Amino acid sequence: MEKSTKVDVPVSLLDLPESTLDLILKCLSPIDLCTMSKVCVFLKGKCQSDEFWENHIKQKWGRVIGDAVYKEWKWHIAIAKDGVLLKNQHTNQTGSMGSFSGVWPNLFLASYLEDFKVLNGKKSNNFMMSLYFSLETGSFWFPAQVYKGLMIHNALVNYDSQSNTFQARYQNGGWRCLGKNIEWDMVRAPSVDTLPYLVHLSHSLDTLKPDDHIEIQWRPNTQSPYDWWYAVIGHLDSCNQSCCQCEYNDTLIVEFRQYPEISNMRRIKLCRKKNEEQGDRIGGYYGGIRKLQNHNEIQTWKNLFTLQFQTACD
């Protein structure tokens with residue numbers, strides 16, 4: 001009798017337990033996920049699912065995008081599914097919604113999608129995947145904050161993959177260019193949910209004390225959006241620092257230490273009981289205060305302060 005030969009049947013990727021398959025897919029790069037999605041219908045559905053793309057978004061974009069970006073992307077997805085973009089009178093020949101000149105066409109949108117065709121058809125069903133590639137290709141201008149000197153502008157930002165930098169625009173009498181070739185460490189996710197034209201309601205006014213690091217809203221006039229300025233809480237002129245009682249006083253001293261001692265802008269007085277805009281046409285208008293408690297945020301400002309001081313001395 002002839003010996004029976006045992007033939008090893010090759011194991012398919014699809015024969016693996018689902019948990020093992022998911023573990024493998026989580027290790028794939030975005031490009032590899034796209035390649036794997038072309039193997040079969042089952043893997044296409046798997047590789048395009050939100051759970052894998054959410055990880056890639058957090059890894060690359062987590063520092064510069066916040067909840068506002070996901071909220072804006074939901075709006076774009078909803079509009080694409082409703083087919084509004086295809087019949088909207090503001091849609092231009094390039095397939096974008098409006099432009100950066102003139103009035104923003106959709107006031108409820110705080111973002112800008114240059115090419116809505118990325119959401120045509122079934123692409124609008126893949127929330128995280130479509131968001132990833134819209135960010136990666138630079139077609140999605142998303143809300144973020146950009147450091148400029150010792151202030152922060154609320155802006156719309158898009159990514160340039162060739163230079164691995166950003167460009168930004170901010171709204172002040174039209175959507176003006178704030179800068180190009182902006183490095184990653186000069187962009188951050190919005191720190192609060194407050195819109196740029198509204199006063200941020202502060203929750204730390206009663207606890208602020210000298211040497212606390214803060215960000216404070218400021219604008220030159222009541223028609224402009226607020227920027228955020230870095231400052232430090234100072235002592236009252238009458239303070240005996242050996243037994244300081246400044247934190248119990250209704251008057252709050254805010255110091256902008258980037259200005260010389262003799263400058264009128266160096267120290268300002270605010271009423272800590274007023275959670276509203278304070279100021280005048282001469283010195284500008286101050287809004288809400290955000291107390292900084294994160295070491296990395298404070299260190300970023302200290303580094304920028306040192307850099308500005310060195311530049312001024314050169």
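Q: How far is the sulfur of C244 from the closest cysteine sulfur, and how many disulfides does the structure hold?
A: In this predicted model, the cysteine sulfur closest to that of C244 belongs to C246. The two sulfur atoms are 3.6 Å apart, which is too far for a bond, since a disulfide requires sulfur atoms within 2.5 Å. A search of the structure gives a number of disulfides equal to zero.

Q: Is C244 buried, partly exposed or exposed?
A: The relative accessibility of C244 is 22%. Buried residues have under 20% and exposed residues over 50%. C244 therefore counts as partly exposed.

Q: How many helices and strands are there in the protein chain, and what percentage of its residues is buried?
A: The protein chain contains eight helices and 12 strands. It has 314 residues. The buried share of these residues is 45%.

Q: Which residues of helix α1 are buried, and why do they lie on the same side of α1?
A: Helix α1 covers residues 18-26, and its buried residues are L21, D22 and L25. They lie on the same side because they cover an arc of only 100 degrees around the axis. The other side of α1 carries the exposed residues S19 and L23. The buried residues asked for are thus L21, D22 and L25.

Q: Which helices do the buried residues of α1 pack against?
A: The residues concerned are L21, D22 and L25. Their packing partners are α2 (30-36), α3 (41-47) and α4 (50-61).

Q: What is the distance between the end C-alpha atoms of α4, and what span is expected?
A: Helix α4 has 12 residues, and at 1.5 Å a residue it should span 16 Å. The expected span uses one less than the number of residues. The end C-alpha atoms agree with this expectation, as they are 15 Å apart.

Q: Within what arc do the buried residues of α4 fall, and which residues are they?
A: Seen down the axis of α4, the buried residues fall within an arc of 135 degrees, so they line one face of the helix. The face turned away from this buried side carries the exposed residues K58 and Q59. The buried residues are F52, W53, H56, I57 and W61.

Q: How many aromatic pairs are found in the whole structure, and what is the geometry of the pair formed by Y159 and W184?
A: The search finds 17 aromatic pairs. In the pair of Y159 and W184, the ring centres are 5.8 Å apart and the planes meet at 65 degrees. Planes over 60 degrees apart count as edge-to-face. The geometry of this pair is therefore edge-to-face.

Q: How many residues apart in sequence are the parts tied together by Y159 and W184?
A: Y159 lies in strand β3 (residues 151-160), whereas W184 lies in the loop between β5 (175-182) and β6. Y159 is buried, with a relative accessible area of 5%. The pair thus ties together parts whose separation in sequence is 25 residues.

Q: Which residues are linked into a cluster by ring pairs?
A: Y159 and W184 form one aromatic pair, and both residues belong to the cluster. W61, a buried residue of α4, is also a member. The cluster consists of W61, F142, Y159, F166 and W184.

Q: Where is S202, and which residues does it touch?
A: S202 is found in the loop between β6 (187-188) and β7 (213-219). With 8% relative accessibility, S202 counts as buried. Not counting residues up to four places away in sequence, S202 touches N275, G288 and I289.

Q: Which residues is D250 in contact with, leaving aside its neighbours within four places in sequence?
A: D250 lies in the loop between β8 (227-233) and β9 (251-255). Its relative accessible area is 41%, so D250 is partly exposed. One of its contacts, C271, is also partly exposed, at 24%. The contacts asked for are L270, C271, R272 and K273.

Q: What is the phi of N164, and where does N164 lie?
A: Most residues other than glycine have a negative phi. N164 is not a glycine, yet its phi is positive, at about 55 degrees. N164 is partly exposed, at 35% relative accessibility. Its place is in the loop between β3 and β4 (165-171).

Definitions and conventions: Residues are numbered from 1 along each chain as its sequence is written. This is a predicted model: local features need pLDDT of at least 70, side-chain atom pairs count only at pLDDT 80 or more; totals for chains, interfaces and linings use all residues. Side-chain values use heavy atoms; hydrogens and water are left out. Buried means under 20% relative accessible area, exposed over 50%, partly exposed in between (1.4 Å probe, protein chains only). Helices (H or I, at least four residues) and strands (E, at least two) are DSSP runs, numbered from the N terminus. The arc is that of the directions from the helix axis to the C-beta atoms. Contact means heavy atoms within 4.5 Å. Rings of Phe, Tyr and Trp (its six-membered ring) pair if their centres lie within 6.5 Å; planes under 30 degrees apart count as stacked, over 60 as edge-to-face and the rest as tilted.
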